[in-house]
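Student: I am new to this structure and would like a close look at one part of it. Could you walk me through the place where the ligand sits, step by step?

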Amino acid sequence: MPRLGHLIGIDLGTTYSAVAVMGELGRPEIITNREGENITPSVVLFQSDSTLVGTMAKRSAAMAPLDTVQFVKRAMGDPSWRFETTDGVTFRPEEISALIIKRLKEDAELHLGGPVDQAVITVPAYFDDGARRATKDAGTIAGLTVHRVLNEPTAAALAYGLNTADAGTVLVYDLGGGTFDVTVMRIENREFTTIATNGDRNLGGFDWDNALMQLLNSRFQEQGGPDLLDDDHTEADLREKAENAKRALTTIAKTKVVLSAAGVTKTIEVSREEFEETTSSLLSRTRDLTAIVLEDAGLSWSDVDRVLLAGGSTRMPMVRTMMESFSGKQVERAVNPDEVVALGAAVQAHLVDVDLTGTKSALPAIIIRDVTSQGLGTLARADTHGMENVVIIAPNTRIPAKHTSSFRTVADNQTEIRVSVTQGDDADPSFVKVIGEQILPIPSYPAGAPVDVTFAYDIDQTVFIEVTDLTTNRSLGTFEVHDVSNMDGAEKDLAADKIRALEVS
Ligand SMILES: Nc1ncnc2c1ncn2[C@@H]1O[C@H](COP(=O)(O)OP(=O)(O)OP(=O)(O)O)[C@@H](O)[C@H]1O
Ligand SMILES: [Mg+2]
């Protein structure tokens, strides 16, 4: 059945976002924004009469730091995070992201000449259930039907693997603005199978910027300047200059930064070598996680055919140098590492579109098999020492995944059972996150009635629980985990009204 609206792929990045759509020739294409740029800064500026998203907002960050929001992706799934404008309006992370998506959607509509009402949105492979749901909700609040949340490294591999029929075993190292993911996958006969994935949702170019900010700030102070981190304006100015200096050091060995505050103006020189030294521990963290993923995949470097770099931060020469010496291989980087995730999202969007409308695919068949990035379990009473976490679905399990545990009711006429759902793979409850506690209704039976509780991850890695009454062998229903970190239906409706009423430009 033909639809009116277009279906797009969105890479909702920590620092930059990008949109792509499948072109007529069966190749995904980036959709430029209204300013003609391929990527849009994920920055929102609130002004009393308008809301700006993108380059204009990023440029104004140093002028209006209190009304500018950046890096909101880091807060996705955090139920307590709020941004308050100087006008006193508060926003949740989902709402800020929705404003960014709204702008991307409108730019895509301009470009495509028709309504856009559906999307596939990418997320870091290491995002947990709460952050994935929050991302989906942001799309819904922005007025889109979100068909899938797709893992970013899988998207990168999709875009890459389209042109490389048999890539073999590929390690994708994805270092973006705010997050790091590393994934090992097999690409064979257009089948993309993820073997293992790991990452750090708080490690990215942002942290390299922070380290350079510290270095510049301490040099400025050594030369008699004030602490630039004491004031929101000078901090925002320093952040912008540090990011520019970082980019400069990608191509040149030495750069100068002019810093000015409280009547003191100094020109500070910084070399690539100094920058690399001050950020070496960050780079090591990516190296360590890469080693863990290889181990989890049960592979060594000799089993890896290709190393693919994605994410804008892989432009830093230190990344390539480290990965080449670590892997002993020549590494490959997409021509535009900050666009490849959106291109992959467009491929997935196209596959969904073909599925929904029954139209002919512009591509030969593609199969995508992904794995869970987080373990899923439940808290149980351990014999001697309090509670323990029992992992029910281990990390790196193929999704969709389902696993069943059997329980017996403990009291006569018990009408409900309580199941806590945890994320993580440690037996110690203090190292896992309780993502929800679900009360599940059951028919009233004498004590000891058997009940099966099935934990499931769907294809988007959102968590479901199904209860089966073994006395009657009947399913008592499937329940979404009421995730403590997400908005409920009424909150989402209110948020959608609020975002609809805001004009973004
Ligand atoms: N030439 C360059 N040298 C160094 N860093 C760069 C360069 N170009 C871009 N970056 C950095 O890359 C990051 C942006 O990359 P990208 O667009 O892939 O990230 P993102 O999608 O916003 O973040 P994430 O995927 O982590 O959510 C920024 O931190 C930016 O400073
Ligand atoms: Mg990214």
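**The surroundings of ligand 1**

Tutor: Happy to! Let's start with helix α6, residues 232–251, which gives the largest share of the shell around ligand 1, namely 4 residues. Please keep in mind as we go that this is a predicted model.

Now let's widen the view to the whole shell. Ligand 1 is surrounded by 21 residues, and the closest are T14, T15, K73, E243 and T250. What kinds of residues make up this shell, counted as nonpolar, polar and charged? The polar group has 12 members, the charged group has 7, and the nonpolar group has 2.

Next, the individual contacts. T250, one of the closest residues, places a polar side-chain atom 2.6 Å from a nitrogen atom of ligand 1. R315 also takes part through its side chain: an N or O atom there is 3.2 Å from a nitrogen atom of the ligand. With G178 it is the backbone that makes the approach, as one of its N or O atoms lies 2.9 Å from an oxygen atom of ligand 1. How much of the ligand does the protein bury? On its own, ligand 1 exposes 650 Å², and 95% of that is buried by the protein.

Where in the overall fold does this happen? Ligand 1 lies between two domains, because both of them give residues to its shell: domain 1, made of 6–203 + 292–371, and domain 2, made of 205–278. The space that ligand 1 takes up is also the largest pocket.

To put the picture together, start from helix α6 with its 4 shell residues, then find the side chains of T250 and R315 and the backbone of G178. Finally, step back to see the ligand between domain 1 and domain 2.

Definitions and conventions:
Residues are numbered from 1 along each chain as its sequence is written. Chains are lettered from A and ligands numbered from 1 in the order in which they are written. This is a predicted model: local features need pLDDT of at least 70, side-chain atom pairs count only at pLDDT 80 or more; totals for chains, interfaces and linings use all residues. Side-chain values use heavy atoms; hydrogens and water are left out. A residue is near a molecule or strand if one of its heavy atoms lies within 4 Å of it. A polar contact is a pair of N or O atoms within 3.5 Å; within protein, one must be able to donate a hydrogen and the other to accept it, and residues adjacent in sequence count only if both atoms are side-chain atoms. Accessible areas come from the Shrake-Rupley method with a 1.4 Å probe; for residues, only the protein chains shown count as cover. On a 1 Å grid over the protein atoms alone, a cavity is a set of points where a 1.4 Å probe fits but cannot get out, and a pocket is an open set with protein on both sides within 12 Å along at least five of seven lines; lining residues have an atom within 4 Å of a point. A molecule sits in a cavity or pocket if more than half of its atoms lie within 2 Å of its grid points. Helices (H or I, at least four residues) and strands (E, at least two) are DSSP runs, numbered from the N terminus. Ala, Val, Leu, Ile, Met, Phe, Trp, Tyr, Cys and Pro count as nonpolar, Asp, Glu, Lys and Arg as charged, and the others, Gly among them, as polar. Domain bounds come from an automatic or database domain assignment.
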